[in-house]
Amino acid sequence: MLESDDLIGIGMEAHQLRLKKNDPRIATYQIDRNINYTNFCTEYCSFCAFYRPIGAKDGYILPFEEIFKKIEEMLELGGNGVFLQIGYYENLLGAIKQKFPAVHLHCFSAPEILAMAEVSELPVEETIRRLMGAGLASIPGGGAEILDDEIRGKIARLKCSSDDWELVHRTAHRLGLRTTATMMFGCGEELRHRVNHFDRIRRIQEDTGGFTAFIPWVFASDNTPLGKKVRETTAVDYLKTLAVSRLYLDNIDHIQSSWLTPGIKVCQVGLQFGADDVGSILIEENVVYAAGVRNRTNESELRRVISDAGFIPAQRDTLYRLYALK
């Protein structure tokens with residue numbers, strides 16, 4: 001299917017499966033905040049323009065009070081979730097949960113959890129248990145990129161292996177935490193690498209049922225070393241890959257159409273190519289912004305995009321439970 005020129009046919013098949021799998025009347029969105037509370041990182045991925053090496057003069061770590069202020073702004077906009085990356089772990093989670101007990105903490109990608117475990121000399125399971133005890137409620141799928149070590153060795157050789165990423169998510173599922181699965185494509189991989197990624201995600205879901213959603217997105221190339229070596233991903237490639245993900249991953253309930261890197265119009269078309277969700281308004285996003293992406297949206301635009309695509313917009317929470325029809 002990925003090699004086919006029949007984009008519309010593949011999209012129609014994916015859309016029919018979507019209509020059977022989810023409420024055919026509704027498409028969902030979320031209001032949450034992506035808080036990048038530090039830009040220090042040890043991974044040095046060739047596709048990232050955001051990170052700074054430890055000790056860099058333009059690196060930062062936000063104080064707790066600044067993070068609290070960002071959460072208060074999110075709550076004023078009707079948000080209900082916080083997505084955190086890299087940080088102070090238990091103390092930060094505990095402090096947020098104490099001040100904002102109703103906020104859902106969707107935090108820490110697999111590479112971050114593995115780094116915490118290594119530094120703390122703890123098993124992965126114990127690390128996740130301690131984070132859960134501090135308030136962790138679900139885990140994002142970040143750090144997956146392409147789950148094929150042939151590609152990971154080229155674009156992120158210091159990051160965890162595909163097996164390590166899988167270990168974190170299987171462990172989280174076993175402990176009762178739901179997680180999302182993601183894929184960043186257009187980073188120099190071949191179609192077979194994408195299929196390998198789909199297959200790994202499908203097998204995990206067959207065994208655990210722990211993924212709430214699959215979220216494919218395209219590599220943002222500006223200001224990155226890798227961007228000089230790969231072709232820009234087209235809208236046709238994005239929509240085809242989105243549709244194939246819906247068909248291949250028929251054991252995952254939700255497929256998200258992304259607006260951040262493909263743009264809002266492509267995101268809207270994605271609702272006819274297998275997707276039933278358009279993601280979050282992303283009150284704050286710094287990582288792909290550093291890679292030249294300037295797309296921004298708000299709740300009213302996402303609701304309009306959904307309505308114009310022929311669906312009823314419904315706000316959801318992080319675990320894809322309906323939150324409000326309005």
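**Entry 1: burial and overall make-up**

I began with burial and noted that, of the 326 residues in the protein, 57% are buried. I keep in mind that this is a predicted model, and that every value below is computed from it. For the secondary structure I count 11 helices and 11 strands. I then looked at how far apart in sequence the contacting residues are, and found that 73% of the contacts with a separation of 6 or more join residues 24 or more positions apart.

**Entry 2: helix H5 and what covers it**

I listed the buried residues of helix H5, which spans residues 124-134, and obtained Val-124, Thr-127, Ile-128, Leu-131 and Ala-134. They lie on the same side of H5, because the arc they cover around the axis is only 120°. I next asked what covers these buried residues of H5, and the cover includes helix H3 (90-99), helix H4 (110-120) and helix H7 (162-174). Just after H5 I noted Gly-135, whose phi is positive, at about 125°.

**Entry 3: H4 against H5**

I took the H4 and H5 pair separately and found that their axes come within 9 Å and cross at roughly 105°. An angle from 65 to 115 degrees counts as roughly perpendicular, and H4 and H5 are therefore roughly perpendicular to each other. Reading off the residues that meet, I have Ile-113, Leu-114, Met-116 and Ala-117 on the H4 side, with Val-124, Thr-127, Ile-128 and Leu-131 on the H5 side. Val-124, Thr-127, Ile-128 and Leu-131 had already appeared in my list of buried residues of H5.

**Entry 4: the two sides of H3**

Since H3 is among the elements covering H5, I went through its residues as well. The buried residues of H3 are Leu-92, Leu-93, Ala-95 and Ile-96. Their arc around the axis is only 165°, so they too fall on the same side of the helix. On the other side of H3 I found Asn-91 and Gln-98, which are exposed.

**Entry 5: E1, E10 and the loop before E1**

I turned to strand E10 (residues 312-316), which is mostly covered, with 4 of its 5 residues buried. Its pairing with strand E1 (residues 26-30) is in the parallel sense and runs over 4 bridges, and within it I located Ile-26 opposite Ile-312 of E10.

Where does Pro-24 sit? I placed Pro-24 in the loop between H1 and E1, and at 45% relative accessibility it counts as partly exposed. I checked its distance to Ile-312 and obtained 9.3 Å from C-alpha to C-alpha, although the two are 288 residues apart in sequence. Leaving out residues up to four places away in sequence, Pro-24 touches Arg-18, Leu-19 and Phe-311.

Phe-311 came up again when I examined His-15, a residue of helix H1 (residues 7-21). With the exclusion of residues up to four places away, His-15 touches Leu-271, Gln-272, Gly-274 and Phe-311. Is His-15 buried or exposed? Its relative accessible area is 11%, so I record His-15 as buried, the cut-off being under 20%.

**Entry 6: positive phi outside glycine**

I looked for residues other than glycine with a positive phi and wrote down two cases. Glu-145 has a phi near 45°; this residue belongs to the loop between strand E5 (138-139) and helix H6 (149-155), and it is buried, with a relative accessible area of 7%. Tyr-320 has a positive phi of about 65° and lies in the loop between E10 and strand E11 (322-325). Its relative accessible area is 13%, so Tyr-320 is likewise entered as buried.

**Entry 7: cysteines**

How many disulfides does the structure hold? I found 0 disulfides. I still checked the burial of two cysteines, and both values fall under the 20% limit for buried residues: Cys-160 has a relative accessible area of 10%, and Cys-187 has one of 3%.

Conventions. Residues are numbered from 1 along each chain as its sequence is written. This is a predicted model: local features need pLDDT of at least 70, side-chain atom pairs count only at pLDDT 80 or more; totals for chains, interfaces and linings use all residues. Side-chain values use heavy atoms; hydrogens and water are left out. Buried means under 20% relative accessible area, exposed over 50%, partly exposed in between (1.4 Å probe, protein chains only). The arc is that of the directions from the helix axis to the C-beta atoms. Contact means heavy atoms within 4.5 Å. Two strands pair if DSSP finds at least two bridges between them. A disulfide is a pair of cysteine sulfur atoms within 2.5 Å. Axes are lines fitted to C-alpha atoms, for helices over the stretch in contact, and angles run from 0 to 180 degrees between N-to-C directions. Angles under 35 degrees count as roughly parallel, over 145 as roughly antiparallel, 65 to 115 as roughly perpendicular and the rest as oblique.
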